[in-house]
Structure formats: structure tokens, C-alpha cells
Amino acid sequence: MLYGLSLLAGIALLTLGGESLIRGAVAGARRVGVSPLLTGLVVVGFGTSAPELVVSIDAAINQQPDIAVGNIVGSNIGNILLILGLCAVICPMVVQPLALRRDGLVVVLASLLFIGLSFGGALGRIDAAIFIAGLVGYLVWAYLSESRQHIPAAEMHASEAEEMTKLPTTGWMIVVALVIGLGMLIGGSQLLLYGAIGLAQAMGISEAVIGLTIVAVGTSLPEMAVSVVAALRRHADVAIGNILGSNIFNLLGILGISAFLQPLPLAPRVALFDQWVMLGAAGILVLFLYTGMRLSRWEGAALLAGYAAYIALSFTIF
């Protein structure tokens with residue numbers, strides 16, 4: 001019971017902390033004159049991935065690599081199969097291919113890069129440097145390509161920033177929002193890890209399974225909130241762009257930082273199963289988007305069914 005309550009409390013704090021941090025960061029960016037494009041591309045992108053960042057870094061530092069890696073791989077799987085599946089069932093999502101061609105390709109390439117670098121069974125500091133360099137290159141490429149010409153992708157990332165409402169209006173309120181958000185994220189990560197590890201030991205489940213499922217879903221709640229709201233407002237490009245951007249940040253940024261701080265050995269089941277599910281989910285999403293330029297309800301239902309099957313296999317076979 002204690003572990004379950006700790007897990008739920010950690011997820012709640014991570015969700016509230018991520019929301020507070022995003023709103024404070026977006027308000028601060030607007031206050032200093034950062035463009036909506038750059039705010040949506042960087043601030044919102046990093047902000048919605050803040051729970052994954054804090055939890056994976058905390059797990060890496062505390063010698064819990066299965067949770068650190070499992071959180072990222074599981075979040076990327078859940079982002080596509082669970083969150084986008086849910087959004088498409090709520091409202092079919094028509095997208096602009098030009099707005100997503102680059103990010104969809106980068107998600108697939110980042111997944112392949114992860115598989116290639118982890119082939120030796122662990123991610124070290126050289127691998128981390130490659131991930132981080134890839135993220136920097138992606139951000140520079142994205143910003144330059146979108147700021148120099150009027151393309152749908154620029155409107156999408158600007159709209160991500162505009163989706164944020166009820167922001168702090170004064171300097172001290174922005175600071176308070178940032179401090180409270182960061183404090184909640186740190187406290188929430190501690191509670192989440194305590195509950196997750198305790199629950200895994202009590203139930204005889206590996207830390208990798210807990211990281212790939214419960215921890216991953218818990219840290220993905222900010223992405224779910226942003227994407228579902230965007231879907232309800234008929235802003236399909238924002239919802240899908242948010243998920244693709246989050247998956248890019250998770251693999252190249254968060255995993256890169258975590259592996260740089262502490263080399264991360266890969267659990268055998270991740271190498272044999274989960275990384276291929278992650279790659280397959282990215283490939284299926286890109287296929288759905290590019291063949292019909294939309295994500296229909298039946299495709300969303302198929303993604304949700306795929307996630308249900310993945311969870312069932314995770315707790316029964318492995």
C-alpha cells in the first residue's frame with residue numbers, strides 16, 4: 001500500500017511540477033521576447049519532457065539503469081500508441097505532411113541510432129555525446145529551416161507555444177512558478193522511484209518492466225495533457241508535433257544527458273523486444289500519416305490495441 005501511494009503521489013507531483021515549469025518557462029520566454037517559434041520548438045519541447053528528464057537522471061545517478069532507460073523507451077512507445085491513439089479516437093486528426101516530414105523522419109532515425117549505439121549492451125559517454133550532438137543539430141536545422149521560410153512546421157511550433165494559457169504575468173510569479181515546478185519535479189521523482197522500486201520488489205517484477213510501463217506512463221502525462229487538449233481544439237498538427245518532438249527530446253536529449261552522467265547498461269529484454277516495439281511504433285505512425293495525411297479513428301483504435309497488447313506481453317511473457 002505504501003509503495004502504491006508513493007507511486008501515485010510521485011506521478012501527481014511530476015504532473016503538477018511539469019505543468020508549473022512549462023507555464024513559467026513559456027511566460028519567461030515571452031517576457032524576454034523569445035519568438036513563439038523558438039518557444040514552441042525548445043521551451044515547450046523540453047518542458048513536456050521534464051518529468052522524463054528528472055526521473056531518468058535521478059535513476060541513472062542512483063545506479064538504476066533499467067528504470068532510466070526503460071522510462072525513455074516506454075515513454076516513446078506510450079506517446080505514440082497510447083497518447084496519439086487516444087487523441088485520434090477522440091477526434092480524427094488531419095495533418096500537413098510538410099509540417100511533419102522532418103520530425104517523423106528524425107524520430108525514426110533517432111530510434112535507429114539508439115538501437116545501433118546500444119548494440120554493445122550499454123550506452124557510454126561517447127554514445128551520450130553523439131545523442132546530444134544529434135539533438136543540437138536537429139534544433140539548429142529545425143529553427144533555421146522554419147525561420148527562413150513560411151512553412152506549416154513553423155506555424156505548428158508557434159502554435160504549441162500559443163496553446164499555453166493562464167500564464168504567470170509578473171516577474172516574481174514566473175520565478176515562483178519555475179521554483180515550485182522544479183521542486184515538485186525533484187520531489188515527485190524521488191517518490192516515484194521509491195514507489196516503483198518497492199512495488200517491483202514486492203510483486204517480483206523487474207525494474208525494467210516497471211520503468212517501461214508504470215513509470216513511463218506517469219512521466220508522459222504532460223504530453224498527454226497537451227496533446228488531448230490540442231486534439232479537442234482540432235489542432236492536430238500541434239498534438240502530433242508535440243508527440244514527435246517529445247520522442248526526439250527523450251532519445252537524443254534525456255537519454256544523452258543520463259548516459260553522460262552515468263553509463264547505462266541495457267536490460268536484455270529491452271534489446272530483444274522493447275527497442276524494436278519503439279522503432280515499429282514510430283514506423284507505423286509515419287506510415288499512417290504519410291499514406292492518408294490523417295490519423296483516423298480506426299487507426300487510433302489500432303494504436304491503442306497495439307499498446308494494450310504490448311502491456312499484456314510485458315507483464316506476462318517477460
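**View 1. Lining of the second largest cavity in the predicted model**. Gly74, Ser75, Gly78, Leu82, Ile83, Ala216, Val217, Ser220 and Met224 line this cavity. Two elements give two or more residues each to the lining: helix 4 (65-90) and helix 9 (207-219). Helix 4 supplies the largest share, five residues. By type, the lining divides into five nonpolar residues and four polar ones, with no charged residue. The enclosed space is about 40 Å³. The model holds two cavities of 30 Å³ or more.

**View 2. The salt bridge between Arg269 and Asp274**. The structure holds one salt bridge. It joins Arg269 to Asp274, and their closest N and O atoms are 2.5 Å apart. Are the two partners buried or exposed? Arg269 has 8% relative accessibility, so this residue counts as buried. Asp274 is buried too, because its relative accessible area is 0%.

**View 3. Residues 104-122, a listed transmembrane region**. The unreviewed UniProt entry includes this span among its transmembrane regions. In the model, residues 104-122 are 74% helix and 5% strand. The C-alpha atoms at the ends of the span lie 26 Å apart.

**View 4. Residues 244-264, another listed transmembrane region**. This span also comes from the unreviewed UniProt entry, whose list includes residues 209-232 and 276-293 as well. Helix makes up 86% of residues 244-264, and strand 5%. From end to end, the C-alpha atoms are 24 Å apart.

Key. Residues numbered from 1 in each chain as written. Predicted model: local features only at pLDDT ≥ 70, side-chain atom pairs only at ≥ 80, totals over all residues. Heavy atoms only, no water. UniProt positions renumbered as here; feature names shortened; annotations may be inferred. Helix = DSSP H or I, 4+ residues; strand = E, 2+ residues; numbered from the N terminus. Salt bridge = Lys/Arg side-chain N within 4 Å of Asp/Glu carboxyl O. Buried < 20%, exposed > 50% of the residue type's maximum accessible area, 1.4 Å probe, protein only. 1 Å grid on protein atoms, 1.4 Å probe; cavity = no way out; pocket = protein on both sides within 12 Å on 5 of 7 lines; lining within 4 Å. Points joined across faces, edges and corners; volume = space filled by probe spheres on them. Nonpolar A, V, L, I, M, F, W, Y, C, P; charged D, E, K, R; others polar.
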